[in-house]
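Take a look at the structure below. Keep it open as you read.

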Amino acid sequence: MDLATLNTPQRDAVTHGTGPLLVLAGAGSGKTRVITFRIAQLLKQGVDPRHIAALTFTNKAAAEMRERVATLLPEKSQASKLTMGTFHSLGLNILKQERKAMGFPRGFVIYDTSDQLGLLREILRRLRNGDRKYDVKSILSRISLAKNAFVAPEDFSPATFDDYDEITAEVYGKYQTALRNFAAVDFDDLITEVVNIFNRNAEVRERWASKFRYLLVDEYQDTNKAQLHMIRALIEKHYNLCVVGDDDQSIYSWRGADTGNILGFGNMFPGAKIVKLEQNYRSTPNILEAANAVIGNNTDRYGKTLWSAMKPGTPITHAIADDANVEARFVAQEIVNLKQEQQRPYKDFAVLYRSNKQAKLIEEEFRERQIPYAMFGGQQFFERREVKDLIAYLRVALNPRDEIALRRIINYPARGIGGTTVQRLTGWCASERMPLWNGLVRIQELEGVRPGTKRSVSNFTEVVNRLGIEIERGGNVVALTRGLMEDIGLVDDIQKASPNFKAAQKRIDNIESLLKSLARQQERTAGKDALVEFLRLLSLDGADDEAEEVGNSVTLTTLHGSKGLEFPVVFLIGWEEEILPHARTLMPTAADITSGDYTPDVGEERRLAYVGITRAQQELYVSRSVVRIMRGKPIPRTPSRFLMEIPEELVTERNIANEMEAPVKAEELSAFFAEFAGEFANRD
DNA sequence: GTTGCGTTTATTTTT
DNA sequence: TAAACGCAAC
């Protein structure tokens, strides 16, 4: 570690002693270097690694950070003693250790989004017997936003004239009670429940506050109110907090991030030092100037001006395409050309868009031309149904109170326990005030259920019960799971339910890779705990078989997904009003209309534009279409206001239609017609 | 439990 | 437009 390789503000941040520190790190200003150097510096000064915690938002970021710190240390093993992870993983660790004080049962589980939705649907079904259908996702998002803002069910006050807020108010508390009854927590609870125990139990709070003498937080602009509470409690003893972030890159307010945290840092933490990192090592001055100009139109920011010591670089290309197909074709063609002319590998390129559906045309075009690409995002995580089903068995075996998991498997694979039986069961359990599982076990006492069905239910509870007992005894979980699959005929069912052999094989492979990573966990942790831990990490991390190696391919991702990445050549597509800024942010809400003074807040959309521009190192293309087919109709398009905010002198305009139509070579044309004629000839 | 048909609705996504 | 959803019929 050589401090001389840092610029002045970077060094100031790294060598800052005690007390709160805010590092405002512009895009490409060496933010990660500052965090890793600072940690290394603290260790060099003799701080015990166990007294340092660094929090990030993704597991990937945490792993990378640990690795980079290790390379700076003379003694690498110190890095493994650092507390490094996401807010949620730290929250989980605290909850596990303080479980008793919290009154949480030993094997509590973490509900993921699909579990949460299932639970909410169930509550709504009971509450309103189908008198109205609700968008469950939107209710869940309101609950989540409330939790992120650290608003408890009893404090939730619905906005007037907002019926979704009203139903949320009605359901939020029930949702929370149900979670606890099922021995479950959701993602947001991993933060809020930690804050709750800190608030209720001074002994616990002081213990954790003593442990962490230095706390570092990355991507601070993405933190929410609940996380702020957690941070405050953790630093109350030593008051050594270093946060790093960029207010101009705050793009997650829609999921609870509160820019007030970073904008109000100085007031919230008196005596705070603020360091700005404005020298950019990533992009050409041309690109930076464009970025500065665009973001300069935002209010509510600290205000930074990025600068670069590089040569000005090439102008930005503003590509105007006749329609979206032409736009996609242009991007593909330009990548092929630049690859040739500048000897660039495919991985030098990225195509960034506002919403995932924009990727479709690009994908089609790339496939046609055999351009390799890697897509990030999307939802392939949730579609592995077979994996979720198997996991549900393990969850119920471990924790029969987990009613959502139980409902998932009660008739999977089909065993003749249909909707009517389940309904009768839940009704009975509700009146007897007992968990669904108990009802299943006592099925013989329930009248009006056919004997065959009763036998199915008993077989089911028997299988799950036996699994639970064997796990409890510390049996080999992988072997037990295989036994279970045998018992319930899972493989047969998958083969039967799949349209073809290949699809079935793929699903079985998914299960195999799940078992593999379970085996790995078993090597690390003993007996039953292996499974408890495995299930929790699975919700927190996703399966660790995500071996998607990017290799040498063009990156396709959303603007959101591109944060933190950089590419020599970047294409920003679809810069049109209602795409960027997105139509939804331009639309007034009911409250806006009532108050009558509506001006759309496009600040966050502008920050998205800013994030996009600052991903580019050397070449930047911003493209738009003149006409675009939307909802089946061709719609004339207006250029994005952000495009107009880029100074003209930085930009070269290119009209694409003309370029695209010309280059059909004569011999290609005649070959085409020859083939065409042949086809006609063959027809009759 | 599955299939098919009519209806509805079009962000961003991590933990 | 097209994909996702919900409901009814098998």
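This report covers some helices and one DNA strand. The model is predicted.

**Two helices by length**

Here are the spans of helices α17 and α24, from first C-alpha to last.

| Helix | Residues in helix | Span | Expected span at 1.5 Å a residue |
|---|---|---|---|
| α17 | 14 residues | 20 Å | 20 Å |
| α24 | 24 residues | 35 Å | 34 Å |

In α17, the span is close to the expected value. The span of α24 is also close to its expected value.

**What surrounds them**

Of the 14 residues in α17, 13 are buried, so this helix is largely enclosed by the rest of the structure. Helix α24 covers residues 501–524. Its buried residues include Ala504, Arg507, Ile508, Ile511, Leu514, Leu515 and Leu518. An α-helix has 3.6 residues a turn, so residues three or four places apart point the same way. What do the buried residues of α24 pack against? They pack against α17 (385–398), α22 (477–488), α23 (490–497) and α25 (527–541).

**A crossing pair**

Now turn to α6 (residues 113–127) and α8 (residues 163–181). Their axes come within 10 Å and cross at roughly 120 degrees. The crossing of α6 and α8 is right-handed. From α6, the contact residues include Leu119, Leu120, Ile123 and Leu124. From α8, they include Ile167, Val171, Lys174 and Tyr175. By class, the α6–α8 contact has 10 nonpolar, 1 polar and 2 charged residues.

**The DNA**

Which residues surround DNA strand C? They are Lys360, Arg631 and Gly632. Among the atoms of strand C that come within 4 Å of the protein, sugar and phosphate account for 50%.

Definitions and conventions. Residues are numbered from 1 along each chain as its sequence is written. Chains are lettered from A and ligands numbered from 1 in the order in which they are written. This is a predicted model: local features need pLDDT of at least 70, side-chain atom pairs count only at pLDDT 80 or more; totals for chains, interfaces and linings use all residues. Side-chain values use heavy atoms; hydrogens and water are left out. Helices (H or I, at least four residues) and strands (E, at least two) are DSSP runs, numbered from the N terminus. The expected span of a helix is 1.5 Å times one less than its number of residues. Buried means under 20% relative accessible area, exposed over 50%, partly exposed in between (1.4 Å probe, protein chains only). Contact means heavy atoms within 4.5 Å. A residue is near a molecule or strand if one of its heavy atoms lies within 4 Å of it. Axes are lines fitted to C-alpha atoms, for helices over the stretch in contact, and angles run from 0 to 180 degrees between N-to-C directions. A crossing is left-handed if the near helix is turned anticlockwise from the far one by less than a right angle, and right-handed if clockwise. Ala, Val, Leu, Ile, Met, Phe, Trp, Tyr, Cys and Pro count as nonpolar, Asp, Glu, Lys and Arg as charged, and the others, Gly among them, as polar.
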